[in-house]
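User: I am new to this structure and would like a close look at one helix. Please show me the structure, then take me through that part and whatever helps me place it.

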Amino acid sequence: ALLKATPGLKDLGEQEATRAVRRHVSGGWQRRMDAGDLVGAYDWDAIYREVATELGGAPDLVGGIDVAGWVVECCGQDGHIAALPGARDALAGLHDLGARLVVVTNGFAAYQEPVLDALGLLRYFEAVVTPERAGAAKPQRRIFEAAGSLDLFVGDTLVHDVLGARAAGVPAAWLHPRLPEGLARLSPQERAEHPDLPEVIARSLAASPHARFHPEADAASCRPDFVLARVDEVVGVVAARA
């Protein structure tokens with residue numbers, strides 16, 4: 001709504017203006033990724049201010065961009081945020097097992113912590129490791145090292161989570177709820193060892209917007225140690241490894 005008032009968009013219809021904003025924001029992210037600035041690529045406040053300037057926004061409008069503030073506002077409204085199915089049971093179960101839990105995310109703390117807090121999940125975590133705090137972003141090794149000693153990393157993105165964790169020497173569990181039926185009925189470890197998994201990984205990489213920035217990502221480097229159909233399956237994985 002703020003950007004629609006800029007000279008660059010004011011003559012466009014609402015839908016056309018929305019598409020233009022998305023193109024500009026995506027362009028800001030891609031420029032940073034192309035330059036290897038993985039931390040800056042997730043600074044949405046900076047990217048939106050840059051876009052507002054590109055579109056001819058006045059200084060007071062540019063200064064009024066506050067993505068972090070909008071996140072907090074949206075957390076207090078219905079329909080904007082939700083926990084993954086099984087997330088609460090997973091965290092409670094891991095807590096009961098005495099596991100040390102850490103978030104490693106490419107979202108800045110100002111965007112991620114309010115969401116976790118509003119969902120009642122922040123209390124389970126010892127720390128939230130973010131790009132601006134670690135000086136690195138997934139899949140860079142440094143952000144995993146900033147989390148301390150890790151026995152298992154759980155994530156739903158092959159490039160960021162599985163590739164990054166494995167490169168950092170940490171076993172990885174890939175959350176992929178849309179598994180083929182033949183894999184879904186197996187255990188997390190059996191899925192990871194199944195000969196059909198490389199094809200599933202290859203399809204996921206082909207659809208990933210992140211893979212082109214990480215040419216080292218392939219079916220071998222992104223093969224997880226465990227595959228989860230639901231995040232709460234991790235409790236059994238951790239219990240078996242204890």
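Analyst: Start with the exposed face of helix α5. Asp89 and Asp96 are exposed there, on the side away from the buried residues. Keep in mind that this is a predicted model.

Now turn the helix over. α5 spans residues 87-96, and its buried residues are Ala87, Ala90, Leu91, Gly93 and Leu94. Why do these residues fall on the same side of α5? They cover an arc of only 165° around the axis, so they share one side. The general rule behind such a pattern is simple. An α-helix has 3.6 residues a turn, so residues three or four places apart point the same way.

What covers that buried side? The cover includes helix α13, residues 234-241. After α5 comes Gly98. The phi of Gly98 is positive, near 80°.

With α5 in place, look at the sheet. It is an open sheet of 3 strands, in the order β3-β4-β5, with parallel pairing. β3 (153-155) and β5 (226-228) are the edge strands, and each pairs on one side only. From one strand to the next, the twist averages 20°. Take one of these pairings in detail. β3 meets β4, residues 172-175, in the parallel sense over 3 bridges. Gly155 has Trp174 in β4 as its bridge partner.

Next comes another helix, α9, which covers residues 158-167 and holds His160. Is His160 buried or exposed? It is buried, because its relative accessible area is 6%, under the 20% limit. Leave aside the neighbours within four places in sequence. His160 then touches Tyr42, Asn106, Lys138, Pro139, Phe144, Ala165 and His210.

Last, the cysteines. A disulfide is a covalent bond between the sulfur atoms of two cysteines. How many disulfides are there here? The count comes to 0, with 2.5 Å as the limit between sulfur atoms. Cys74 shows why. Its closest cysteine sulfur is in Cys75, 7.3 Å away, which is too far for a bond. Seen from Cys75, the nearest cysteine sulfur is that of Cys74, and Cys75 is in no disulfide. The two residues also get separate labels for burial. Cys74 is partly exposed, with a relative accessible area of 26%. Cys75 counts as buried, at 15% relative accessibility. The 20% limit falls between these values, so the labels part there.

Back to α5 to finish. Look for Asp89 and Asp96 on the exposed side, and for Leu91 and Leu94 among the buried residues.

Methods:
Residues numbered from 1 in each chain as written. Predicted model: local features only at pLDDT ≥ 70, side-chain atom pairs only at ≥ 80, totals over all residues. Heavy atoms only, no water. Buried < 20%, exposed > 50% of the residue type's maximum accessible area, 1.4 Å probe, protein only. Helix = DSSP H or I, 4+ residues; strand = E, 2+ residues; numbered from the N terminus. Arc of directions from axis to C-beta. Contact = heavy atoms within 4.5 Å. Pairing = 2+ DSSP bridges. Axes fitted to C-alpha atoms, helices over the stretch in contact; angles between N-to-C directions.
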